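Let's take a walk through the empty spaces and the helix packing of this protein. Have a look at the sequence and the model below before reading on.

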Amino acid sequence: LFIGVFLGVAGKKFAIEVDEKEAQILEALPGNNCGGCGYAGCAALAAAIAKGEAPANQCPVGGAAVAQAIAGILGEEAGESVHKVAFVKCAGTCDKAKQAYEYTGIEDCVIASNMQNGGPKGCSYGCMGFGSCVKVCPFDAIHVVNGIAVVDQEACKACGKCVAKCPRHLIELVPYDKQIRVACGSHAKGKAVTTACELGCIGCKKCEKNCPSEAITVTDFCAHIDYDKCTGCGKCKEVCPRHIIL
């Protein structure tokens, strides 16, 4: 009886006050604890949003629906939420890209990138296909198909874990509704690219010269798309001699 009374009094005396808004925000968040928002987990993000240190649309997994719910709790506007997905900038499948040598070791991109020439693939910028990105994806949205990583756009939540894991920085987050993509991240010169892969970007600038909205530029021998300017007309795809723009 004494212990029960003591615990009851102690519980009230040392109780930690919980911010009601923080609790409601945490309930609205998806609960994946993936860290894609930049915080340790959903609880940490909820605390940051409640304190005004993070916006209502900070969660990439929840998207617009969760942002609206949190904004309603806070009594403010949610702001624009762009639906993004991960994209692997490589089309060098087994039948298109050459191998420099046969690799027999731990199937991990980070480990293989420390080998001779940065890995067994002929293109030192291409996807090695050992699936380090696959292992860190909490949503089973990325898989190795025919030697390269491929993202399932419908399953991807843009948490960014695969982006951070890839040792060759081949994965980027792009707008879901902008389907024009440059499937190459090589910065090698033309001859080196054609020797290593049948599809790599050679930096010819035909896409840049023919884009009516000036949305695509070639820097360091590789084409890049400015999605704020891209209208999806597909002109760059039509003129690309290497068929690397999808």
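A pocket here is an open set of points on a 1 Å grid over the protein atoms alone, with protein on both sides within 12 Å along at least five of seven lines; a cavity is a set of points where a 1.4 Å probe fits but cannot get out, and lining residues have an atom within 4 Å of a point. Grid points are joined across faces, edges and corners, and a volume is the space filled by probe spheres set on the points. The model is predicted, so to speak of a local feature takes pLDDT of at least 70, and side-chain atom pairs count only at pLDDT 80 or more, while totals for chains, interfaces and linings use all residues. Residues are numbered from 1 along each chain as its sequence is written, and side-chain values use heavy atoms, leaving out hydrogens and water.

Start with the largest pocket: its volume is about 360 Å³. It has 17 lining residues, and P60, G63, V82, H83 and K84 are the ones nearest its centre. As for closed spaces, there are six cavities of 30 Å³ or more. The largest cavity has a volume of about 130 Å³. Of its 20 lining residues, C90, C123, G126, C184 and C197 lie closest to the centre.

Here is how the two linings divide, with Ala, Val, Leu, Ile, Met, Phe, Trp, Tyr, Cys and Pro as nonpolar, Asp, Glu, Lys and Arg as charged, and the others, Gly among them, as polar.

| Lining | Nonpolar | Polar | Charged |
|---|---|---|---|
| Largest pocket | eight residues | six residues | three residues |
| Largest cavity | 13 residues | five residues | two residues |

Now for the helices, which are DSSP runs (H or I, at least four residues) numbered from the N terminus. Axes are lines fitted to C-alpha atoms over the stretch in contact, and angles run from 0 to 180 degrees between N-to-C directions. Helix α2 (residues 20–28) and helix α4 (residues 63–74) have axes that come within 9 Å and cross at roughly 165°. That makes α2 and α4 roughly antiparallel, the word for angles over 145 degrees. In α2, K21, Q24, I25 and A28 meet V66, A69, I70, I73 and L74 of α4, where contact means heavy atoms within 4.5 Å. Those residues divide into seven nonpolar, one polar and one charged.

Definitions and conventions
Helix = DSSP H or I, 4+ residues; strand = E, 2+ residues; numbered from the N terminus. Parallel < 35°, antiparallel > 145°, perpendicular 65-115°, else oblique.
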